[in-house]
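Trainee: I am new to this structure and would like to know how each label on it is earned. Could we go through it step by step?

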Amino acid sequence: MTTSTQTTIKKTEHHTPKTATSDSISPLFAKDYNVYINHTDAGGIVYHANHLVFFENCRRDWFAKLGLNGYFLQTDTGDVQHFVVSQADLQYKRAILLDEVISVRIDDVEIKPASIVFYQSIHRHLTDSAASSNAGLLSRGKIVIACVQNQLRPTPNTGDKDHAADTAAANGAPMRPIRVPQKLRVAIEQAAARQSPIQTPAAQ
């Protein structure tokens with residue numbers, strides 16, 4: 001990883017992410033999702049790992065809203081750049097239940113030279129009287145995604161398994177860390193500058 005100066009969305013000495021605990025704080029992006037039976041365990045409670053699934057879906061939907069093709073970007077030379085989760089820190093506050101409609105949010109984003117840090121949260125829809133408290137917060141997470149570039153390129157299928165293995169070995173590691181692509185950096189910085197909540201209909 002490079003040691004060059006870090007660029008962050010918030011120009012503060014110590015980055016303090018927003019944690020949108022009520023509708024009075026506007027997230028960078030928010031989307032409603034339906035909770036289905038395949039998200040839950042036998043007790044009708046969303047399995048803990050599926051909090052990560054909802055966070056992932058929210059990030060991907062935000063990228064699509066920014067005009068980016070999901071997690072895969074292609075350079076002019078044909079190289080494929082994409083993202084892998086390198087760290088996930090979650091805090092579980094309350095159970096998510098079957099048939100609920102939940103609000104999954106991106107509260108803040110921090111851009112580093114070769115990775116992006118997402119501060120995300122999941123909320124239950126509340127009445128106006130309860131919206132000012134933390135009662136609606138179901139979970140929050142800090143997710144770090146690293147930017148990488150594929151090293152292996154497709155080769156003609158010769159039917160020779162040994163040749164294919166030798167080719168893969170010669171190419172070295174299948175991916176390497178890279179700097180955050182400029183197109184993505186600009187798109188995120190512009191979205192953060194607008195600071196406008198985006199709410200869309202419920203989706204799976």
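Mentor: Start with a pairing: strand 6 and strand 7 (residues 175–177) are antiparallel partners, joined over three bridges. Keep in mind that this is a predicted model.

Trainee: What makes strand 6 and strand 7 a pair?

Mentor: Two strands pair if there are at least two bridges between them. Strand 6 and strand 7 have three bridges, so by that rule they count as a pair. Within this pairing, valine 148 stands opposite proline 177 in strand 7.

Trainee: With which other strands does strand 6 pair in the antiparallel sense?

Mentor: Strand 3 pairs with strand 6 over 11 bridges, and strand 5 does so over nine bridges. Glutamine 81 stands opposite glutamine 149 in strand 6. Likewise, isoleucine 122 has serine 139 of strand 6 opposite.

Trainee: Why is strand 6 called largely enclosed?

Mentor: Because 11 of its 14 residues are buried, strand 6 is largely enclosed by the rest of the structure.

Trainee: How many residues of strand 1 are buried?

Mentor: Six of the six residues of strand 1 (residues 29–34) are buried, so strand 1 too is largely enclosed by the rest of the structure. Phe29, Lys31 and Tyr33 point one way, Ala30, Asp32 and Asn34 point the other way, and all are buried. Strand 1 pairs with strand 4 in the antiparallel sense over six bridges. In that strand, valine 101 is the bridge partner of asparagine 34.

Trainee: Now the helices. How do you know that the buried residues of helix 3 lie on the same side?

Mentor: The buried residues of helix 3 are Leu184, Arg185, Ala187, Ile188, Ala191 and Ala192. They cover an arc of only 165° around the axis, so they are on the same side of helix 3. On the other side, Gln182, Lys183, Ala193 and Arg194 are exposed.

Trainee: What do the buried residues of helix 3 pack against?

Mentor: They pack against helix 1 (49–65), strand 2 (73–74), strand 3 (80–92), strand 4 (101–111) and strand 5 (115–124).

Trainee: Why is alanine 191 called buried?

Mentor: Buried means under 20% relative accessible area. Alanine 191 has 7% relative accessibility, so it counts as buried. Leaving aside neighbours within four places in sequence, alanine 191 is in contact with Leu28, Trp62 and Leu66. The C-alpha atoms of alanine 191 and lysine 65 are separated by 10.0 Å, while the two residues are 126 apart along the chain.

Trainee: What makes the span of helix 1 close to the expected one?

Mentor: Helix 1 has 17 residues and reaches 25 Å from its first C-alpha to its last, against an expected 24 Å at 1.5 Å a residue. Among its buried residues are Phe54, Phe55, Cys58 and Trp62. The buried residues of helix 1 pack against several elements, including strand 1, strand 6 (137–150) and helix 3. Just after helix 1, glycine 67 takes a positive phi of about 85°.

Trainee: What makes the phi of aspartate 99 worth a remark?

Mentor: Most residues other than glycine have a negative phi. Aspartate 99 has a phi near 75°, a positive value in a residue other than glycine. This aspartate is found in the loop between strand 3 and strand 4.

Trainee: Is aspartate 99 buried or exposed?

Mentor: Exposed means over 50% relative accessible area. Aspartate 99 has 62%, so it is exposed.

Trainee: How many disulfides are there?

Mentor: A disulfide needs a pair of cysteine sulfur atoms within 2.5 Å, and by this rule the count comes to zero. Cysteine 58 is buried, with a relative accessible area of 0%. Cysteine 147 also counts as buried, at 0% relative accessibility.

Trainee: And the chain as a whole: how much of it counts as buried?

Mentor: Of its 204 residues, 39% count as buried. The secondary structure comes to three helices and seven strands, running β-α-β-β-β-β-β-α-β-α from the N terminus on. Among contacts between residues at least 6 apart in sequence, 76% join residues at least 24 apart.

Conventions
Residues are numbered from 1 along each chain as its sequence is written. This is a predicted model: local features need pLDDT of at least 70, side-chain atom pairs count only at pLDDT 80 or more; totals for chains, interfaces and linings use all residues. Side-chain values use heavy atoms; hydrogens and water are left out. Buried means under 20% relative accessible area, exposed over 50%, partly exposed in between (1.4 Å probe, protein chains only). Helices (H or I, at least four residues) and strands (E, at least two) are DSSP runs, numbered from the N terminus. The arc is that of the directions from the helix axis to the C-beta atoms. Contact means heavy atoms within 4.5 Å. The expected span of a helix is 1.5 Å times one less than its number of residues.
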